[in-house]
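This report looks at a ligand site and at two sheets. Keep the structure open while reading.

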Amino acid sequence: MSETAALAELAKRRGFFFASNEAYGGTAGFYTYGPEGAALKRNLEDLWRDRFVRELGNVELEAPTVMPEAVFEASGHLDGFDDMIVECAECGATHRADHLVEDAVAGIEDAEALGTERVGELVTEHGIVCPSCGAELAEEPIEEFNLMFGTNIGPGSGSPGYLRPETAQGIFVEFPRLKEYARNQLPFGVAQIGRAYRNEISPRRALVRVREFTQAELEQFIDPERDEPPIDRVADVELPLYSAAAQGDIDGSVETRTVREALDAGIVGNEWVAYYLGCSIEFYERIGIDMDRFRYRQHLPGERAHYAADCWDAETELGGNWIEVTGFAYRSDYDLSKHAEYSDESFTLFRQYDEPKTVERAVVDPDMSYLGPEFGGDAAGIAEALDALAGRDRSAFDGDTVTVELDGEGYTIPVEKTGFAVEEQTEAGEHITPHVVEPSFGVDRLVYSVLIHTHGSDVVDGEERSFLELPPAVAPTTVAVFPLMAKDGLDDRARSIAERLRTEGFEVTYDDTGNIGRRYRRQDEVGTPYCVTVDYETVDGDTVTVRERDSTEQTRILTADLPAAIERLVAGASVSEL
Ligand code: GAP
């Protein structure tokens, strides 16, 4: 059985995750986390929060998942968040046309970048057929399909909305308030963990491509001219980098460089992106990603999202495929500028100059007693247009008359009636639109990667066992407590030990069913790092046996020492050191 098939079987049987709504035939692209999976995902999110919110000094918010259409008009998702589809006239199945081309044509890795017309030509040239029924697709049109789930806000259709396709927009639209919260000081970072929705054409590979998923995103707002990341903190962190250049070279491969070396060699062009690549390595290690199956891959030029100026993906290898688990994008001022353009709010921040500056400003002070009678209701608009023109092109006022356009119509005004002048003004600063650097983590893909990378099997006492080598901080259960037998008071002692460990803050499970070996196997399979067995032996006081999942080693300690011992184990000690 392949590793992904083995994991899928384990995930379903032991309550990590399974396809949703199976009682009603299932719904492709939706998964439910069972008790083990929900606990694992929560732990992983807590570790993310710990790293990217608490340790890096950022803040977190929680925004709605439904947002009005205007937000996505501004963000570009309404126009640009499309996939190429082709529908088979024979069987009605819909497929990603770019994926069909990539599968059929050697050397094409990113067919989407070629555009619908060229992809249509390639479908014809290569005689590509419908994967579902085998019919020729040459005659079928290639269409753009928007991935957002639409809805109506309130009754009727007057107020269209969408389920957010990324949590980021919930942060960007609130920038006018967030900047005040940050006391108008850059840089500052705002994080969010929440659901995102994409009506994927072909959901696949379990949690990898689903229609509802969790993102953990950090939007780092910076002044691009002044703010530098504290790069020294991560300068020596080693990054496995698969650059765009290496991808284009037949002998190209992953190179390990420190953050500092990657910047000096120009492999990573942006300091903030490099900083977050460095900060994230520790997080991937903490959650249990196998770093031999991990790399950072730079986007090829045609691959970048509509908003991204530079982008790297963190990828994990799963069942022979490299899967993007995080996108690191330099989004420049794209989002804030767009929301400023489409809304009535200010998405800028005031940047104080070191010294006040004296600047020349072209201004107008139109003679309204002339404009009013001459142009009637258009006079105010003409005055505004004159003001804008003076700011833009003062040479337009060089002649005797100046012409401005209003709603497509030209209006000519004598310059002497415009009150045009060039004045010296002292300015304390200027308004700037911050730039955004964004690490965007897909939580479900991380959960899936951790499960696959930690899943293994070996033989213990002549019996095959399956285990998850989960780090204690991620494991759904930290300690399982067993009485050797559910009698003679051992069960009461075990229950009270479990209770005590719970009050100490550990995730604890109690199990008295089946033989002890079977109970160990059950816990190994769901990744519980420690088991405590209560037996009859009371040599030198009230004692228990502690067993470690990975080595299966056991040691006997005083019951009174148990909470401190578990704490040491979780912090990295092994049972032989207790
Ligand atoms: N705000 C940026 C953004 O949304 P993205 O690369 O489209 O960027 C970020 O998504 C992460 O979200 C990806 O790296 C991936 O881990 C996760 N993701 C995206 N689409 C997904 C899907 N259909 N199913 C599961 N995870 C997905």
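Which residues come nearest to the ligand? Glu166, Glu200, Val210, Glu217 and Glu324 do, out of the 20 residues around the ligand. The model is a predicted one.

## Ligand contacts

Start with the polar contacts. Glutamate 217 places a polar side-chain atom 2.5 Å from a nitrogen atom of the ligand. Glutamate 324 places a polar side-chain atom 2.6 Å from an oxygen atom of the ligand. Valine 325 contributes through its backbone: an N or O atom there lies 3.0 Å from a ligand oxygen atom. Taken alone, the ligand exposes 540 Å². The protein buries 92% of that area.

What classes of residue make up the shell around the ligand? Nine residues are charged, six are nonpolar and five are polar. Three strands each supply at least two residues of this shell: β11 (212–222), β16 (321–332) and β21 (435–442). β16 gives the most, with five residues.

## The nine-strand sheet

Where do these strands sit? β11, β21 and β16 follow one another in an open sheet of nine strands. The full order is β3-β10-β11-β21-β16-β15-β14-β12-β13, and the pairing is mixed. β3 (59–60) and β13 (255–258) are the edge strands, and each pairs on one side only.

β16 and β21 are antiparallel partners, joined over six bridges. Within this pair, glycine 327 has serine 440 of β21 as its bridge partner. In general, strands of a sheet pair through backbone hydrogen bonds, either parallel or antiparallel.

One helix covers part of this region. α15 (residues 443–454) lies across β11, β15 (310–318), β16 and β21. The helix runs at about 35° to β15. The strands under α15 thus include β11, β16 and β21, the three that supply at least two shell residues each.

## Backbone exceptions

Most residues other than glycine have a negative phi, and most peptide bonds are trans. Two places on either side of β10 depart from this pattern.

Which peptide bond is cis? The bond from leucine 186 to proline 187 is, with omega near -5°. Proline 187 is in the loop between α8 (175–181) and β10 (188–197). Arginine 205 is not a glycine, yet its phi is positive, at about 55°. Arginine 205 sits in the loop between β10 and β11.

## The five-strand sheet

Another open sheet has five strands, in the order β25-β24-β26-β27-β28. Its pairing is mixed. The edges are β25 (508–510) and β28 (554–558), each paired on one side only. From one strand to the next, the twist averages 25°.

Both kinds of pairing can be traced. β24 (residues 479–483) and β26 (residues 530–534) run parallel and are joined by five bridges. In that pair, valine 481 stands opposite valine 532 in β26. β27 and β28 pair in the antiparallel sense, also over five bridges. There, valine 544 has isoleucine 557 in β28 as its bridge partner.

The hairpin of β27 and β28 has five residues between the strands. In this hairpin, threonine 552 takes a positive phi near 60°.

## Helices on the five-strand sheet

Which strands does helix α16 lie across? α16 (residues 490–503) lies across β24, β25, β26 and β27 (543–548). The helix runs at about 165° to β24. Helix α17 (residues 516–525) also packs on the sheet, touching β24, β25, β26, β27 and β28. The direction of α17 makes about 170° with that of β24.

Key
Residues numbered from 1 in each chain as written. Predicted model: local features only at pLDDT ≥ 70, side-chain atom pairs only at ≥ 80, totals over all residues. Heavy atoms only, no water. Near = heavy atom within 4 Å. Polar contact = N/O pair within 3.5 Å; in protein donor to acceptor, adjacent residues only side chain to side chain. Areas by Shrake-Rupley, 256 points an atom, 1.4 Å probe, with all protein chains shown as cover. Helix = DSSP H or I, 4+ residues; strand = E, 2+ residues; numbered from the N terminus. Nonpolar A, V, L, I, M, F, W, Y, C, P; charged D, E, K, R; others polar. Pairing = 2+ DSSP bridges. Contact = heavy atoms within 4.5 Å. Axes fitted to C-alpha atoms, helices over the stretch in contact; angles between N-to-C directions.
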